[in-house]
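Please look through the sequence and the model below before reading on. The paragraphs that follow take up its core, a helix, some loops, the cysteines and the aromatic rings.

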Amino acid sequence: MNFEFTQEQKMVKDMARDFAEKEVRPIADEVDRTSRFPKEVFRKMGELGLLGIPFPEEYGGAGGDTISYALAVEEIGKACGGTGLSYAATISLGASPIYYFGTQEQKEKWLVPMAMGETLGSFGLTEPNAGSDAGGTRTKAVVDGEEYVINGEKCWITNAEYARQIIVTAVTGKDEKGRNKISAIIVPTDTPGVTINSNYEKMGVRGSNTCEIILDNVRVPRENLLGDPEKGFSQFLYTLDGGRISIAALSVGIAQAAYEKALQYAKERVQFGKSISKFQAIQFKLADMATEIELARTLVHKAAWLKDQNKPFGKEAAMAKLFASETGFRTCNQAIQIHGGYGYMREYEVERHLRDIKLMEIGEGTSEIQRLVISRRIGC
């Protein structure tokens, strides 16, 4: 077993880290305070090829692998959780389904501009009454001639306000057992009947654009159907498996940022005549943080490697997402504890990391759902 990164993976990691330190981190506090989506950052990401890392060059991508992509998500998330979330979402949710399930024409029309950074993508799955129960989707798409007519509502949709199109899940009929058939349809955001109510007032990841979408008699060509209508549900579950690797990598990045700040502060803070890093109580906290982050990172890379090898990775992705997100929360919480009263202040940033990391235990399937997925995969 080889834990060494390839030369290409090292180059991606270094490029992402350099970009994050120069372009993302300096504005992270301002983005958080104002809930501003940093459009200029995503434009620069596109110019560097960061938005096309896991896609082939023929579709405007960089021809990288999932490990490279996970490394980039970690570095960007370390600098700013909100920017990292929008970065991960546009690739894993907005672009990947078109790459995996789209026709050649759909890839050329929709994927290429995303991979090249000319546009962003979005994925509309969650509804007010269908969160963890994704199969409870109520949005409907009815065939009318050569068009689908779509009606419904989506919520908590990342990047919707800045996306050229949204992949919307909708009920398109019944199977032989009378169950809903759920399909994915590409909906351009400028289509009549699409209303995007921008930005929720969120606790964390405030620079990530999160919207409510209303679909009122929205008409799109039938050719916008994505993938096999008989396998729509399994297709978006595969998409979510990939998305869990993204959230796990993002969790590792946020945790790493909090840990590094806590370690530095512990070395500088003097109490009772010596730095608090010399006290065993603080040393044990930092040791646990470092250990759990490294374990979480290893889980992320294993899941990503399995995906790159075209091996089953759903269980490992769920494990990585579960452990990394909960590790992240513990790490950020302990980072505040090490900072003491200063950790409660905006000036020291660790409070932002705690607010950002909490979403990772909820988005892309809650921790409870991850445990359910894992228990099923181990034969319970």
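Which residues does Ile98 touch, not counting residues up to four places away in sequence? With contact taken as heavy atoms within 4.5 Å, Ile98 touches Gln106, Lys107, Trp110, Leu111, Met114, Ile167, Ile186 and Leu226. This is a predicted model, in which local features need pLDDT of at least 70 and side-chain atom pairs count only at pLDDT 80 or more, whereas totals for chains, interfaces and linings use all residues. Residues are numbered from 1 along each chain as its sequence is written, and side-chain values use heavy atoms, with hydrogens and water left out.

Ile98 also appears in the largest nonpolar core, where a nonpolar core is a set of buried Ala, Val, Leu, Ile, Met, Phe, Trp, Tyr and Cys residues joined through side-chain atoms within 4.5 Å, and buried means under 20% relative accessible area, exposed over 50% and partly exposed in between, with a 1.4 Å probe and protein chains only. This core has 85 residues, of which Met45, Tyr87, Ile98, Leu286, Val300 and Ile338 touch the most other members. Its largest share, 15 residues, comes from helix 7 (residues 232-268); helices here are DSSP runs of H or I with at least four residues, strands are runs of E with at least two, and both are numbered from the N terminus. A second, separate core of 17 residues includes Tyr148, Ala160, Val194 and Cys211.

Helix 1 shows how one element can be divided between a buried side and an exposed face. Its 18 residues, 7-24, reach 24 Å from the first C-alpha to the last, close to the 26 Å expected at 1.5 Å a residue, the expected span being 1.5 Å times one less than the number of residues. The buried residues of helix 1 are Gln9, Val12, Lys13, Ala16, Phe19, Ala20 and Val24. They lie on the same side of helix 1 because they cover an arc of only 140 degrees around the axis, the arc being that of the directions from the helix axis to the C-beta atoms. An α-helix has 3.6 residues a turn, so residues three or four places apart point the same way. The cover over the buried residues of helix 1 includes helix 2 (28-34), helix 3 (39-48), helix 4 (66-79) and helix 5 (81-101), while the face turned away from the buried side carries the exposed residues Gln7, Met11, Asp14 and Lys22.

Two loop residues have a backbone feature worth inspecting. Ser35, in the loop between helix 2 and helix 3, has a positive phi of about 55 degrees although it is not a glycine, and Ser35 counts as buried at 18% relative accessibility. Glu349, found in the loop between helix 9 (314-339) and helix 10 (350-358), has a phi near 70 degrees, again a positive value in a residue other than glycine, and Glu349 is buried with a relative accessible area of 18%.

Around strand 1 (120-124), the preceding loop from helix 6 (104-115) holds Thr119, which counts as buried at 17% relative accessibility. Leaving aside its neighbours within four places in sequence, Thr119 is in contact with Pro113, Met114 and Arg164. Phe123 lies in strand 1 itself and is buried at 8% relative accessibility; beyond four places in sequence, Phe123 touches Leu93, Pro97, Ile157, Ile166, Ile167, Thr169 and Phe236.

The cysteines form zero disulfides, a disulfide being a pair of cysteine sulfur atoms within 2.5 Å. The sulfur of Cys211 is too far for a bond because the closest cysteine sulfur, in Cys155, is 11 Å away. Cys332 is likewise in no disulfide, with the nearest cysteine sulfur, that of Cys80, 13 Å away.

Finally, the whole structure has 16 aromatic pairs, in which rings of Phe, Tyr and Trp (its six-membered ring) have centres within 6.5 Å, with planes under 30 degrees apart counted as stacked, over 60 as edge-to-face and the rest as tilted. Tyr59 and Tyr99 form an edge-to-face pair, 6.2 Å centre to centre with 70 degrees between the planes, and this pair links the loop between helix 3 and helix 4 to helix 5. Phe101 and Tyr238 are also edge-to-face, at 6.2 Å and 75 degrees; Phe101 lies in helix 5 and Tyr238 in helix 7, so the pair ties together parts that are 137 residues apart in sequence. Ring pairs link these four residues, together with Phe55, Tyr100 and Phe313, into a cluster.
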